[in-house]
Amino acid sequence: ETTRRIREDLKCEVPIVALSAYSHIQEKQKCLEAGMDAYLTKPVKDNDLFETLEMYAPAAEPATIDMDYLKSIANGNTEYIESVILKVADNLPREIEELRHAVYENNEEKVNMLAHDMKTTFAVLGVSHAVAEPIRFLESWKVSPKNLIKAGKMLEIVESVGAEVTFQLLDTFANPN
């Protein structure tokens, strides 16, 4: 009943996870139909709990640009490295802004395309590990109330990593030594 009121009366999409000692499939189905996002039974297995928490509250991994990787793919060509740094520092914030708007407009085709394009950018910088899960999710995102919540969480990670690497790029360009 509480979940129904949160969803219907308050129109709130906060993740709701049921925790119950009752493990019958009918009870789980009833909870999910009421609007809950997940259902865990006691005793809770650590792995199930962590997977559920990660799904609804993923954390961004630290992202440090791998300049050695960038230098290796550029074969030491400093002009190429500088052009990549300037292009990414200039374009990435705009692309992330476009991604945010596409998510909020439920434009799944544009979200899929932008996420796919960003995958290359993050890979060239050697930070694809920090956004692997969010990019993978957003590349194949389909609009649904449940996926909209997760898309917002994934977007937050991409924004955080994007801001971090943009700062690093600008700092690297300002201090090339």
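**From an exposed proline to the packing of three helices**

In this predicted model, P62 touches H129, A130 and E164, when residues up to four places away in sequence are not counted. P62 itself lies in the loop between α3 (46–56) and α4 (67–73), and of its partners E164 is 102 residues away in sequence, although the two C-alpha atoms are 8.7 Å apart in space. In spite of these contacts, P62 counts as exposed, because its relative accessible area of 67% is over the limit of 50%.

A second link of this kind involves Q168, whose place is in helix α8 (residues 145–174). Leaving aside residues up to four places away in sequence, Q168 touches A63, T64 and I65, and its side chain reaches the backbone oxygen of A63 at 2.7 Å. Here the accessibility is of the opposite kind, since Q168 has a relative accessible area of 17% and is therefore buried, the limit for that term being under 20%.

From these single residues we can turn to the packing of helices, beginning with α5 (residues 78–104) and α6, whose axes come within 10 Å and cross at roughly 155°. Because angles over 145 degrees count as roughly antiparallel, α5 is roughly antiparallel to α6, and the crossing of the two is left-handed. On the α5 side the contact involves V84, V88, L92, E95, I96, E98, L99, A102 and V103, which meet K110, V111, L114, M118, T121, F122 and V124 in α6. By residue class, this contact of α5 with α6 divides into twelve nonpolar, one polar and three charged residues.

Helix α6 (residues 108–124) also packs with helix α7 (residues 128–139), at an angle of about 165° and with the axes 9 Å apart. By the same reasoning, that angle makes α6 roughly antiparallel to α7, and the crossing of α6 and α7 is again left-handed. The contact is made by V111, N112, A115, H116, M118, K119, F122 and A123 of α6, together with S128, V131, I135, L138 and E139 of α7, and these residues divide into eight nonpolar, three polar and two charged. Read side by side, the two lists show that V111, M118 and F122 of α6 take part both in the contact with α5 and in the contact with α7.

Note on methods. Residues numbered from 1 in each chain as written. Predicted model: local features only at pLDDT ≥ 70, side-chain atom pairs only at ≥ 80, totals over all residues. Heavy atoms only, no water. Helix = DSSP H or I, 4+ residues; strand = E, 2+ residues; numbered from the N terminus. Buried < 20%, exposed > 50% of the residue type's maximum accessible area, 1.4 Å probe, protein only. Polar contact = N/O pair within 3.5 Å; in protein donor to acceptor, adjacent residues only side chain to side chain. Contact = heavy atoms within 4.5 Å. Axes fitted to C-alpha atoms, helices over the stretch in contact; angles between N-to-C directions. Parallel < 35°, antiparallel > 145°, perpendicular 65-115°, else oblique. Left-handed = near helix turned anticlockwise from the far one by under 90°. Nonpolar A, V, L, I, M, F, W, Y, C, P; charged D, E, K, R; others polar.
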